[in-house]
Amino acid sequence: ISAVQKRISQVIAPAVEKIKAFVEQQTVVYVDETGWRENDRQKWFWTKSTDQAAIFEIRDRRSKHEAETVIGKNLQGIVSTDRYPGYNFIPLQNRQICWAQIKRDFQAISERDGDSKSIGEALFAETKEMFRLWQSGVLENLCK
């Protein structure tokens, strides 16, 4: 299996490089990482994706350096990430915090007591409406 895996990796290497170049040139990319076990060792499974393509890599670390390597040098558009501090090198005008995480924050605020509850409920409702408009295509048309 390992020999076949190695052979396949060699055969598809040129296509992978083309996909990496394509993803790096897009105006919006999504980057994320999650823990990954390999032979009882902690690794990190990184992804950089667009609506059309995705790159997956297993790396030894979760760090700013790894984030910079995964994102690449040609930062031209928007990079959507979670709040991991390793992404703080991205200029604010190029970074979007994942809205799913923001939505979860508003949900948590809505579950508090007092004034926080009503503020959280209002923020959560507005976020749900924003997602509805986005899924219907209304927001996409407004941004053109």
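**Figure 1. V11 sits out in the open on helix α1.** V11 is exposed, and its relative accessible area comes to 63%. Bear in mind that this is a predicted model. The residue belongs to helix α1, which covers residues 2–24. V11 also has company: together with V4, I8 and I12 it makes up a nonpolar patch on the surface. Added together, these four offer about 350 Å² of accessible area.

**Figure 2. Five strands line up in an open sheet.** Reading across the sheet, the order is β3-β2-β1-β4-β5, and the pairing is mixed. At the edges stand β3 (54–59) and β5, each with a single partner strand, so one side of each has no neighbour in the sheet. From one strand to the next, the twist averages 25°.

**Figure 3. Helix α2 packs on the sheet.** This helix takes in residues 64–71 and touches β1, β2, β3 and β4. Set its direction against that of β2 and you get an angle of about 35°.

**Figure 4. Strands β2 and β3 run antiparallel.** Here β2 (residues 41–49) is joined to β3 by 6 bridges. For a pair to look for, try W44: its bridge partner in β3 is R59.

**Figure 5. Strand β4 pairs in the parallel sense with β1 and with β5.** On one side, β1 (residues 28–38) and β4 (residues 78–81) pair over 3 bridges. V29 can guide you here, as its bridge partner in β4 is V79. Then there is β5 (residues 95–97), which pairs with β4 over 3 bridges as well. In that pairing, S80 has Q96 of β5 as its bridge partner. While you are looking at strands, a general point helps: in a regular strand, side chains alternate between the two faces of the sheet.

**Figure 6. N39 and D40 lie in the loop between β1 and β2.** Take N39 to begin with: its phi is near 50°, a positive value in a residue other than glycine. N39 counts as exposed because its relative accessibility of 72% is over the 50% cut-off. D40 isn't a glycine either, yet its phi is positive too, at about 60°. Is D40 buried or exposed? It is exposed, with a relative accessible area of 75%.

Key:
Residues are numbered from 1 along each chain as its sequence is written. This is a predicted model: local features need pLDDT of at least 70, side-chain atom pairs count only at pLDDT 80 or more; totals for chains, interfaces and linings use all residues. Side-chain values use heavy atoms; hydrogens and water are left out. Patches are made of residues with over 30% relative accessible area and no salt bridge: like charges are joined within 9 Å, nonpolar side chains (Val, Leu, Ile, Met, Phe, Trp, Tyr) within 5 Å. Accessible areas come from the Shrake-Rupley method with a 1.4 Å probe; for residues, only the protein chains shown count as cover. A salt bridge is a side-chain nitrogen of Lys or Arg within 4 Å of a carboxyl oxygen of Asp or Glu. Helices (H or I, at least four residues) and strands (E, at least two) are DSSP runs, numbered from the N terminus. Buried means under 20% relative accessible area, exposed over 50%, partly exposed in between (1.4 Å probe, protein chains only). Two strands pair if DSSP finds at least two bridges between them. Axes are lines fitted to C-alpha atoms, for helices over the stretch in contact, and angles run from 0 to 180 degrees between N-to-C directions. Contact means heavy atoms within 4.5 Å.
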